[in-house]
Amino acid sequence: MTEEPIKNYNNIPGDPSHFVRGNLPKIKKAGGLHAYLDDLHARRGNLVRLRLGPFVKAVSSTSPAVISQLNKSANFDKRPPLIRASRSWLGEGNIAELSGRESRLTRAQLTPMLGKDSQRLACNVGVTVLERILPRLIDKSINLVEACRELALSTMGECCFGADFRSGLGADIGQHFMHVLRTNPIKPGPPFPPFWQPKYWHWRKDVRTLHKKVDELIQKRKLTGAEKYTDPSGDLLGLLLSARDENGELFFSESEARMAVLAFYFGGVEATSSSILWCAAYLGAQPDLMKKIQSELDTVLQGRAPTYDTLWQLPFMHSVIIETLRISAPSPVNMRLIQEDVLIDGYRVPKGTVFFLSIIAMHHNPELWPEPFVFKPERFINSDAEKYPRHAFMPFGVGAKGCIGGRFAITEISLALAGLLQRCSFSWPDTPELHGEFHSGALVPKSAHKLIVTTR
Ligand code: HEM
């Protein structure tokens with residue numbers, strides 16, 4: 001048997017690129033990296049290459065076998081500088097920037113903090129916040145987009161900062177946080193921030209103000225004694241301030257605790273509220289599916305508010321959430337740095353190349369997902385889910401840098417959807433509009449503000 005010769009990077013299928021700007025103009029024209037990669041894979045197959053500017057080479061694969069191969073190597077745990085730029089507002093040395101041992105140790109501390117106790121807290125807080133929001137949603141003084149944002153912001157705010165979130169300083173943090181997120185001028189794609197734009201420097205100033213506010217809150221906590229927060233059902237900032245290493249020393253410095261609490265806040269707000277909106281957008285387009293969830297809710301909850309325990313007794317609603325995360329993955333593209341030359345599908349990919357984890361393109365690969373653009377929750381009901389290969393479905397990324405808040409997110413989304421659908425129904429004024437745009441770090445349904453909310 002003759003062995004296939006190894007081909008080089010330049011032979012990987014891809015679009016022609018400009019010698020200075022690479023494929024950046026095409027990315028912009030397509031409406032963002034997620035849209036360009038989705039289209040590039042559809043046109044050119046499972047392995048594609050692209051260039052970001054004159055120097056940055058990149059590849060992307062929609063083959064689960066390739067993701068498994070890379071994930072098994074010890075070198076798949078570092079993000080490239082361009083993603084570090086886009087998350088820089090979390091603070092230098094934040095979790096997204098860490099790799100190797102440092103990342104493993106930090107994740108080992110952070111992951112259990114998002115376990116059952118915190119999810120229970122999120123449910124208890126979420127129910128109270130919903131009670132505040134629902135009357136305003138029903139009398140139309142706010143729309144669904146505003147309601148979902150407020151729900152995620154307030155629920156996560158209290159999970160992160162506890163009772164302090166309701167005081168002046170906590171509420172201030174919430175407002176500054178949202179402002180920094182909404183005005184972030186750094187776009188995914190270009191390998192550097194737009195330092196030539198004055199608005200970039202204004203934004204950096206706002207980021208410093210946000211950090212100062214969180215630092216003030218940490219000082220306030222320290223004065224009252226961090227050990228007060230060792231209760232496992234306490235808020236996340238308290239857990240961070242009292243975490244200890246194996247020698248009994250405090251694990252996080254004050255700035256590290258600030259970065260971690262902001263990472264939790266970011267994770268729990270943007271991608272989560274966009275997921276709730278996507279669910280509403282698909283259900284508004286398919287009222288039969290919405291009625292099926294409502295009847296499941298009526299049978300299981302019997303008019304009572306959802307709780308952490310009852311949320312797991314709603315299999316149909318769960319399948320709708322999972323199908324939503326497949327078809328409109330809120331975090332559609334993530335990145336890794338190839339740290340050693342590697343052979344992918346017979347091509348030598350050089351060290352320093354950016355590997356795009358094209359989550360949304362993987363979820364739209366017709367070889368894995370028949371009729372990929374049709375919303376079909378039954379794909380995930382019972383044993384059906386097992387027929388898809390590992391990594392064909394990866395809304396929370398993979399491996400050593402995968403999301404640490406996946407379970408927490410599903411709890412947050414389930415609680416919101418259950419609470420909303422118990423009392424309301426969603427519909428589109430005319431034709432459903434299910435297009436997405438990348439906004440503040442997540443893929444959001446562009447026209448969700450048009451969704452009509454009616455009481456049941
Ligand atoms: C629907 C909601 C969410 C989605 C779709 C989502 C998705 C993701 C994805 C795709 C990544 C990158 C994974 C990779 O590179 O392999 C990530 C990272 C991360 N997520 Fe989430 N996430 C969600 C909610 C949350 C929540 C609720 C939290 C915390 C409360 C959270 C905390 C984090 C953190 C800290 C990281 C960085 C991990 C690291 O760099 O080691 N996420 N998330």
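**Close-up 1. What sits over the buried side of helix α9 in this predicted model.** The cover over the buried residues of α9 includes α7, α8 (168-182), α10 (236-242) and α11. The residues being covered are W203, V207, L210, V214, L217 and R221, which are buried in α9. As for the helix itself, α9 runs over residues 198-224, so count 27 residues by the numbering. From first C-alpha to last, α9 reaches 40 Å, close to the 39 Å expected at 1.5 Å a residue.

**Close-up 2. Helix α7 against helix α11.** Here α7 (residues 144-161) meets α11 (residues 254-285), with axes that come within 9 Å and cross at roughly 150 degrees. An angle over 145 degrees counts as roughly antiparallel, so that is how α7 lies relative to α11. The crossing in which α7 passes α11 is right-handed. On the α7 side, look for L144, V145, C148, R149, A152, L153, M156, C159 and C160. Facing them from α11 are V261, F264, Y265, G268, V269, T272, S273, I276, L277 and A280. Sorted by class, the residues of this α7 and α11 contact come out as 15 nonpolar, 3 polar and 1 charged.

**Close-up 3. Helix α7 again, this time with α8.** The two axes come within 11 Å and cross at roughly 125 degrees. That makes α7 and α8 oblique to each other. The crossing of α7 and α8 is right-handed. From α7, the residues to pick out are L153, G157 and F161, and they meet G170, I173, G174 and M178 of α8. The class tally for this contact of α7 with α8 is 4 nonpolar, 3 polar and no charged. L153 is worth a click, since it turns up in the α7 contact with α11 and in the one with α8.

**Close-up 4. Helices α12 and α14 crossing.** Zoom in on α12 (residues 287-301) and α14 (residues 315-327), whose axes come within 8 Å and cross at roughly 140 degrees. These two helices are therefore oblique to each other. In α12 the contact residues are L289, K292, I293 and E296, and their partners in α14 are F316, M317 and V320. By class, the contact of α12 with α14 has 5 nonpolar, no polar and 2 charged residues.

**Close-up 5. Two positive phi angles, at Q302 and H391.** Most residues other than glycine have a negative phi. Q302 goes the other way, with a positive phi of about 50 degrees although it is not a glycine. You'll find Q302 in the loop between α12 and α13 (308-311). Q302 counts as exposed because it has 8 C-beta neighbours inside 10 Å. H391, also not a glycine, has a positive phi of about 75 degrees. It belongs to the loop between α15 (359-363) and α16 (406-423). With 20 other C-beta atoms within 10 Å, H391 is buried.

**Close-up 6. P80 and D77 in the loop between α3 and α4.** P80 is found between α3 (64-72) and α4 (81-86), and D77 lies in that loop too. Buried or exposed, what is P80? P80 is buried, because 20 other C-beta atoms lie within 10 Å. D77 counts as partly exposed, with 19 C-beta neighbours inside 10 Å. Leaving out residues up to four places away in sequence, P80 touches M335, L337 and V354. With that exclusion, D77 touches S99, G100, S103, A400 and K401. For a sense of reach, the C-alpha atoms of P80 and T307 are separated by 40 Å, and the two residues are 227 apart along the chain. D77 and K291 are 214 residues apart in sequence and 43 Å apart in space, C-alpha to C-alpha.

**Close-up 7. G284 in helix α11.** This view picks out a glycine of α11 that is buried, with 25 other C-beta atoms within 10 Å. Which residues is G284 in contact with, leaving aside its neighbours within four places in sequence? They are F426, S427, W428, P432 and L451. E92, in contrast, is 192 residues from G284 along the chain, and their C-alpha atoms are separated by 42 Å.

Note on methods:
Residues numbered from 1 in each chain as written. Predicted model: local features only at pLDDT ≥ 70, side-chain atom pairs only at ≥ 80, totals over all residues. Axes fitted to C-alpha atoms, helices over the stretch in contact; angles between N-to-C directions. Helix = DSSP H or I, 4+ residues; strand = E, 2+ residues; numbered from the N terminus. Parallel < 35°, antiparallel > 145°, perpendicular 65-115°, else oblique. Left-handed = near helix turned anticlockwise from the far one by under 90°. Contact = placed C-beta atoms within 7 Å. Nonpolar A, V, L, I, M, F, W, Y, C, P; charged D, E, K, R; others polar. Expected span 1.5 Å × (residues − 1). Buried ≥ 20, exposed ≤ 12 C-beta atoms within 10 Å, placed from the backbone.
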